[in-house]
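Trainee: I would like a close look at a single part of this model, taken slowly and with the cut-offs stated as we go.

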Amino acid sequence: MFENAKSIKYNKNFEGKKNAVNVIFNADTNGFERVLSIPMDEANKDYQDILQWVADGNTIAEAD
(Lines give C-alpha, C1' and ligand atoms only; values in the text may rest on other atoms or scores of the structure.)
Protein backbone atom coordinates (compact mmCIF):
# COMPACT_ATOMS: atom_id res chain seq x y z
CA MET A 1 0.00 0.00 0.00
CA PHE A 2 2.83 2.42 0.78
CA GLU A 3 5.28 1.47 -1.96
CA ASN A 4 4.40 4.63 -3.91
CA ALA A 5 4.58 6.90 -0.85
CA LYS A 6 6.86 9.89 -1.04
CA SER A 7 6.56 10.71 2.65
CA ILE A 8 5.09 9.09 5.76
CA LYS A 9 5.23 11.20 8.90
CA TYR A 10 3.39 12.00 12.07
CA ASN A 11 0.96 14.89 12.32
CA LYS A 12 0.56 16.90 15.53
CA ASN A 13 -2.61 18.59 16.72
CA PHE A 14 -2.80 22.14 18.07
CA GLU A 15 -1.64 20.86 21.48
CA GLY A 16 1.51 19.40 19.94
CA LYS A 17 0.41 15.77 20.41
CA LYS A 18 0.72 13.18 17.66
CA ASN A 19 -2.78 12.41 16.41
CA ALA A 20 -2.40 11.06 12.87
CA VAL A 21 0.02 9.77 10.27
CA ASN A 22 0.18 11.70 7.01
CA VAL A 23 0.99 9.69 3.90
CA ILE A 24 1.91 11.67 0.79
CA PHE A 25 2.06 9.67 -2.43
CA ASN A 26 4.19 10.49 -5.46
CA ALA A 27 2.50 12.60 -8.09
CA ASP A 28 0.33 10.84 -10.65
CA THR A 29 0.60 11.37 -14.40
CA ASN A 30 -1.35 14.63 -14.03
CA GLY A 31 1.07 15.95 -11.41
CA PHE A 32 -1.30 15.55 -8.46
CA GLU A 33 -0.10 14.19 -5.12
CA ARG A 34 -2.57 12.18 -3.06
CA VAL A 35 -2.45 12.84 0.70
CA LEU A 36 -3.97 10.62 3.38
CA SER A 37 -4.26 11.68 7.00
CA ILE A 38 -4.72 8.45 8.95
CA PRO A 39 -5.96 8.78 12.55
CA MET A 40 -3.87 6.93 15.13
CA ASP A 41 -6.72 4.61 16.06
CA GLU A 42 -5.96 0.90 16.21
CA ALA A 43 -9.52 0.14 15.07
CA ASN A 44 -8.74 1.95 11.78
CA LYS A 45 -7.69 -0.49 9.03
CA ASP A 46 -5.35 2.03 7.41
CA TYR A 47 -3.60 2.62 10.76
CA GLN A 48 -3.27 -1.16 11.19
CA ASP A 49 -1.52 -1.19 7.78
CA ILE A 50 0.84 1.57 9.00
CA LEU A 51 1.63 -0.45 12.13
CA GLN A 52 2.42 -3.50 9.97
CA TRP A 53 4.60 -1.34 7.72
CA VAL A 54 6.55 -0.25 10.82
CA ALA A 55 6.75 -3.86 12.07
CA ASP A 56 8.29 -4.73 8.69
CA GLY A 57 11.22 -2.43 9.54
CA ASN A 58 10.10 0.97 8.27
CA THR A 59 10.06 4.23 10.24
CA ILE A 60 7.50 7.03 10.45
CA ALA A 61 9.19 10.43 10.22
CA GLU A 62 8.63 12.91 13.02
CA ALA A 63 6.22 15.80 12.52
CA ASP A 64 7.55 19.17 11.40
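Trainee: Against which elements do the buried residues of H1 pack?

Mentor: The buried residues of H1 pack against E1, E2 and E3, where packing rests on contact, meaning heavy atoms within 4.5 Å. Before the details, note that this is a predicted model, in which local features need pLDDT of at least 70 and side-chain atom pairs count only at pLDDT 80 or more, while totals for chains, interfaces and linings use all residues. Residues are numbered from 1 along each chain as its sequence is written, and side-chain values use heavy atoms, with hydrogens and water left out.

Helix H1 covers residues 45-55; helices (H or I, at least four residues) and strands (E, at least two) are DSSP runs, numbered from the N terminus. Its buried residues are Tyr-47, Ile-50 and Trp-53, where buried means under 20% relative accessible area, exposed over 50% and partly exposed in between, with a 1.4 Å probe and protein chains only. These three cover an arc of only 110 degrees around the axis, which puts them on the same side of H1; the arc is that of the directions from the helix axis to the C-beta atoms. In general, an α-helix has 3.6 residues a turn, so residues three or four places apart point the same way. The face of H1 turned away from the buried side carries the exposed residues Lys-45 and Ala-55.

At the start of the helix, a side-chain oxygen of Asn-44 reaches to within 2.8 Å of the backbone nitrogen of Asp-46, which is a polar contact in the sense of a pair of N or O atoms within 3.5 Å; within protein, one must be able to donate a hydrogen and the other to accept it, and residues adjacent in sequence count only if both atoms are side-chain atoms. Beyond the other end, H1 is followed by Gly-57, whose phi is positive, near 110 degrees.

Within the helix, the side chains of Asp-49 and Lys-45 meet in a salt bridge at 2.6 Å, N to O, the criterion being a side-chain nitrogen of Lys or Arg within 4 Å of a carboxyl oxygen of Asp or Glu. Both residues lie in H1, four residues apart, about one turn of the helix. Asp-49 counts as partly exposed because its relative accessibility is 21%, whereas Lys-45, with a relative accessible area of 52%, is exposed. This is one of four salt bridges that a search of the whole structure finds.

Trp-53 also takes part in the one aromatic pair of the structure. The ring centres of Phe-2 and Trp-53 are 6.1 Å apart and their planes stand at 65 degrees, so the pair is edge-to-face; rings of Phe, Tyr and Trp (its six-membered ring) pair if their centres lie within 6.5 Å, and planes under 30 degrees apart count as stacked, over 60 as edge-to-face and the rest as tilted. Because Phe-2 lies in the segment before strand E1 (5-12) and Trp-53 in helix H1, the pair ties together parts that are 51 residues apart in sequence. Both partners count as buried, Phe-2 at 9% relative accessibility and Trp-53 at 18%.

The strands that H1 packs against have side-chain links of their own. Asn-22, found in strand E2, is buried, with a relative accessible area of 17%. The side chain of Asn-22 makes polar contacts with the side chains of Asn-11, at 3.5 Å, and Ser-37, at 3.0 Å. In strand E1 lies Lys-9, whose side chain makes a polar contact of 2.5 Å with the side chain of Asp-64.

The segment after H1 is joined to strand E2 through Glu-62 and Lys-18, whose side chains meet in a salt bridge at 3.2 Å, N to O. Glu-62 lies in that segment and Lys-18 in E2, so the pair ties together parts that are 44 residues apart in sequence. Glu-62 counts as partly exposed at 49% relative accessibility, and so does Lys-18 at 38%. Lys-18 also lies over the face of Tyr-10, at 4.2 Å from the ring centre, a charge being over a ring if NZ of Lys or CZ of Arg is within 6 Å of the ring centre and within 35 degrees of the ring normal.
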